[in-house]
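Take a look at the model below. A visitor asks, and a guide answers.

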Amino acid sequence: MKNTDTRAAGIPPLPDAVLELRDAAVAVGGRRLWGGVNLTVRPGEFVAVLGPNGVGKSTMIKVLLGTLPAAAGQVRVLGARPGGAGDQIGYLPQRRNFDGSLRIRGVDIVRLGLDGDRWGVPLPFASRLSPRHRAAETRVREVVELVGASSYADRPIGECSGGEQQRLLIAQALVRRPRLLLLDEPLDSLDLPNQAGVAALIHRICRHEDVAVVMVAHDVNPILSYLDRVVYIVAGGAASGPAEEVITSETLTRLYGTPVEVLKAADGRLVVVGGPEAPALHSDRHHSDHGHAHAAAAASPRGFGS
Amino acid sequence: MNPQFSWNLVTDVQWLWSVPSVLNAYRAGVVVAVLAGVVGWFMVLRRQTFAGHSIAVTGFPGAAAAVYTGLSATLGYFGFCIGAALVIAYYTRGSGSGDTAGERAHSSALIAVVQAFALALGALFLQLYGGFLNSTSDFLFGNFLGITSADVVVLVAVAAVVLVVMAVIGRRLLFVSIDPAVAAARGVPVRAVNALFLVLLGATVAEVSQFTGALLVFALLVMPAATAQVFTARPALGLAIGVVIGVLSTWIGLAWAFFGNQGTGFTITTLAFGCYVLALAIRAVRTRLRTPAAASGALEGVS
């Protein structure tokens, strides 16, 4: 497969790698979406999964979570097969909007990330008696503080803005101190200042908490300066490496198999122009943004501009 | 038989509880109110009130069929309500959260179909039985005063089972109700929890509708929970408020029905409705008070 990563299959696993993909491929319903992905992520690294809409970026997250098997190649997550290290992975699914009338506090949503999969119910007043419950409450407050959500965490989440909800959901994903954070388009549908704010927050968490972050992104620009590496997926192929090596006219032209130009704006933003028609849309993905995907599909790499 | 209401509440209560059927009504009422408060809180949170109502309507032919065949109405309620819950769970099983508009439209159409057919069946059984109009009105609008001690024992047993299961799955149910995608990633069996909740809802509705009637189940299942959610977004506090409102509406409603010669369906529903309206009014006043500057500013601008 087309690939720029120098790493080849057959090298022994790195002891400290959080994530290793070797020549990994994915098929949904017998159709191969992408393949030839080689990627190693170490603790504290920030990696973006990029590519045109409808190519199957979110399936990468599903493979790492173990909910979708890899069709080929090797995938190791935290030294185990995918799905085997559930506790140490924080996951933020593609944009969830909480209905304005949902009467649950942000802090309750964060708490569910900590112990929502346990049996039983928290006993009233237990937090005053048992050290374990006290520790849980302290941890929730701590992580809410970390994402800067203290001032609105006690409000019903439906009343919070999109950016506020996203910060609370990041807190939920972080509350168990995961070693790997999987984020599916966390900046989608946020306005520009909030995109910048949430991107900076994710970068800070990545560095200070030593959490490896794999983030599916539609637009690379808000996170470009923070990235250690990118994986660029197109129909059938993939390239991975540092952003400045992958998001270039040469690499993308080779990947797409048709002339593509990467332009750099004066402020450092990247704009990708040209590129082929996108493959036909696959109805089994991107349920939530049909119209959106359709509009962007006409000039697939356009997602890089904004 | 019908004493006058006096302002000496102690003698009123003593008198009420000295009548066995009324005492049974009070006992059953508290069980039903607690159960409906807890299960109803989750139902409102999950926006499954329409499903809850359809399950209740299915209870009507259940009870009619049971009476027609000489079985106890209770058995009919439970059989049909849990059956309807299973049908709804089966046909909405793919939806996980039931969150997309398409899935919601599909399941609400299905639920409406079940509901209409259930009512028609109920009418059939009544016709077969040959005119027991009093019971018809009880099935639809409720009657607390025919409860026997045996009924109370059944209710307590069912309520205990439902509440224990709710306590065991509580946290997972909340997770699945609010955040199915993350819950699934954390290994919570989303479909199984959703189906189990519907069965618990079926059992609860079967109990509640014996008191409020099939058409007025929401008096205890939705109104207290909805009122609680107006007051607070805290889960534990919300559940507690819902239960308290349910118990108070039931108990005061029973006394009102008895002294005032009204149907329990009307009195209990009216009290619960009053609580909800009061909650909305309190919230409106609270919001007004929270922004006094804006309000007074507007007034000054006018004058």
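The exchange covers chain A overall, then its sheet, a covered strand, a loop glycine and a helix pair in chain B.

Visitor: What kind of model is this, and how are its parts numbered?
Guide: This is a predicted model, where local features need pLDDT of at least 70, side-chain atom pairs count only at pLDDT 80 or more, and totals for chains, interfaces and linings use all residues. Side-chain values use heavy atoms, without hydrogens and water, chains are lettered from A and ligands numbered from 1 in the order written, and residues are numbered from 1 along each chain.

Visitor: How many helices and strands are there in chain A?
Guide: Both are DSSP runs, numbered from the N terminus: helices are H or I with at least four residues, strands are E with at least two. On that basis, chain A has nine helices and eleven strands.

Visitor: What percentage of the residues of chain A count as buried?
Guide: Buried means under 20% relative accessible area, exposed over 50%, and partly exposed in between (1.4 Å probe, protein chains only). Chain A has 306 residues, and the buried share is 55%.

Visitor: Which strands stand at the edges of the open sheet in chain A?
Guide: Strands pair if DSSP finds at least two bridges between them. The order of the three strands is S2-S1-S4 of chain A, with antiparallel pairing. Each edge strand has a single partner, so one side of each lacks a neighbour in the sheet; the edges are S2 (31-41) and S4 (72-77) of chain A.

Visitor: Which helix packs on the sheet?
Guide: Its direction makes about 115° with that of S1(A). Axes here are lines fitted to C-alpha atoms, for helices over the stretch in contact, and angles run from 0 to 180 degrees between N-to-C directions. Contact means heavy atoms within 4.5 Å. The helix touching S1, S2 and S4 of chain A is H1 (residues 57-65) of chain A.

Visitor: How many bridges pair S1 with S2 in chain A?
Guide: S1(A) and S2(A) form a hairpin with two residues between them, and A:Gly29 in the turn has a positive phi of about 60°. A:Val28 stands opposite A:Arg31, and A:Leu19 faces A:Val41. S1 (residues 19-28) runs antiparallel to S2(A), and the bridges number seven.

Visitor: Which residue in S4(A) stands opposite A:Glu20?
Guide: S1(A) and S4(A) run antiparallel, joined by five bridges. Across from A:Glu20 in S4(A) is A:Arg76.

Visitor: Which residue is the bridge partner of A:Tyr91 in S6(A)?
Guide: Strand S5 (residues 89-92) of chain A is covered on both faces: A:Ile89 and A:Tyr91 are buried on one side, A:Gly90 and A:Leu92 on the other. S5(A) pairs in the parallel sense with S6 (residues 180-184) of chain A over four bridges. The partner of A:Tyr91 is A:Leu182.

Visitor: What distance separates the C-alpha atoms of A:Gly100 and A:Gly158?
Guide: A:Gly100 lies in the loop between S5 and helix H2 (106-115) of chain A. Beyond four places in sequence, A:Gly100 contacts A:Gly158 and A:Glu159. A:Gly100 and A:Gly158 are 58 residues apart along the chain, yet their C-alpha atoms are separated by 3.9 Å.

Visitor: How do H1(B) and H12(B) lie relative to each other?
Guide: The axes of H1 (residues 9-18) and H12 (residues 235-260) of chain B come within 12 Å and cross at roughly 80°. Angles under 35 degrees count as roughly parallel, over 145 as roughly antiparallel, 65 to 115 as roughly perpendicular, and the rest as oblique. H1(B) and H12(B) are therefore roughly perpendicular.
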